[in-house]
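Hi,

Here's the structure I promised to pass on. Have a look, and my notes on the charged side chains follow below.

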Amino acid sequence: MPSEPSARERLFFALWPGPTVRAALARQAREACAGLRGRPTPADNLHVTLAFLGDLDAERRACMEAVAGRLPFEPFDLVLDRLEYVPRNRILWLGAGELPMPLARLAGGLNAGLRECGHEPERRPFRAHITLMRKLDRPPRHLAPEPLAWHVDGFALVRSRLAPEGAHYEVVARWPAG
Ligand code: 3AM
């Protein structure tokens with residue numbers, strides 16, 4: 001009998017907030033989206049994407065996990081102090097005006113390292129951001145958030161399952177700061 005093709009999973013690397021930061025982000029997101037019409041990101045899904053990987057089989061996932069495990073990682077503080085509206089795709093996001101050096105190294109190291117697993121590197125410069133709302137019906141007027149500091153001490157591999165009501169995310173592996 002032919003063997004089953006190995007199951008593929010839609011995966012991405014992310015900064016994944018713990019409960020305290022997630023609660024603060026959810027509050028920030030509610031305030032930023034108040035009065036706006038669009039598709040808000042559910043509080044449980046708020047995250048910073050480091051690298052979107054797409055659908056992977058077990059072999060490529062193992063290769064990418066090995067790359068992630070080799071990266072030097074130092075903890076850092078991410079100050080989220082910018083709200084931006086992206087007209088091209090009608091998204092509202094919360095981002096960091098300043099990219100901490102350890103985060104630049106992490107995102108750059110991942111992007112470069114994943115090439116050895118056949119991953120096409122991202123050409124756009126990395127912008128640390130959290131998507132708060134999609135499909136806005138018009139640009140927001142007020143774009144001045146209260147800065148929010150997130151002490152980041154690790155990163156995660158996250159599985160995305162697409163469903164009609166929206167994506168479900170689940171952390172499947174973690175790399176704490178060494
Ligand atoms: O973190 P943000 O919201 O910017 O838009 C998706 C989300 O980005 C993005 O990966 C993150 C987790 O799903 N994404 C989804 N499909 C993508 C694709 N084909 C993608 N990014 C690049 N290419």
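Arg-159 counts as buried, because its relative accessibility is 14% and the cut-off for buried is under 20%. Bear in mind that this is a predicted model. The partner of Arg-159 is Glu-170: their side chains meet in a salt bridge, at 2.7 Å from N to O. That pair links distant parts of the chain, with Glu-170 in strand β10 (residues 166-176) and Arg-159 in strand β9 (residues 154-163), 11 residues apart. Unlike buried Arg-159, Glu-170 comes out as partly exposed, at 39% relative accessibility.

Those two also belong to something wider. Glu-9, Arg-61, Glu-65, Arg-159 and Glu-170 are linked in a network of salt bridges. How many salt bridges turn up in a search of the whole structure? The search finds 11.

Another spot to click on is Asp-137. Which residue does Asp-137 form a salt bridge with when the closest N and O atoms are 3.1 Å apart? That would be Arg-37. Asp-137 lies in the loop between β7 (129-134) and β8 (148-152), while Arg-37 lies in the loop between α1 (19-33) and β2, so the bridge ties together parts that are 100 residues apart in sequence. Asp-137 is partly exposed, with a relative accessible area of 38%, whereas Arg-37 is exposed at 55%.

Asp-137 has a second salt bridge as well, with the side chain of Arg-138, at 3.7 Å from N to O. Arg-138 counts as partly exposed, at 45% relative accessibility. As for why such contacts show up, side chains of opposite charge can pair when their charged atoms come close.

Last item: the positive charges without a partner. Arg-39, Arg-90, Arg-134 and Lys-135 form a positive surface patch. Arg-39 is found in strand β2, which covers residues 39-40. Is Arg-39 buried or exposed? Somewhere in between: Arg-39 is partly exposed, with a relative accessible area of 44%. That value fits the patch, because patch members need over 30% relative accessible area and no salt bridge.

If you're opening it up, I'd start with the Arg-159 and Glu-170 pair, then go over to Asp-137 and Arg-37, and finish on the positive patch with Arg-39.

Cheers

Key. Residues are numbered from 1 along each chain as its sequence is written. This is a predicted model: local features need pLDDT of at least 70, side-chain atom pairs count only at pLDDT 80 or more; totals for chains, interfaces and linings use all residues. Side-chain values use heavy atoms; hydrogens and water are left out. Patches are made of residues with over 30% relative accessible area and no salt bridge: like charges are joined within 9 Å, nonpolar side chains (Val, Leu, Ile, Met, Phe, Trp, Tyr) within 5 Å. Accessible areas come from the Shrake-Rupley method with a 1.4 Å probe; for residues, only the protein chains shown count as cover. A salt bridge is a side-chain nitrogen of Lys or Arg within 4 Å of a carboxyl oxygen of Asp or Glu. Lys and Arg count as positive and Asp and Glu as negative; His and the chain ends are not counted. The place of a charge is taken as NZ of Lys, CZ of Arg, CG of Asp or CD of Glu. Helices (H or I, at least four residues) and strands (E, at least two) are DSSP runs, numbered from the N terminus. Buried means under 20% relative accessible area, exposed over 50%, partly exposed in between (1.4 Å probe, protein chains only).
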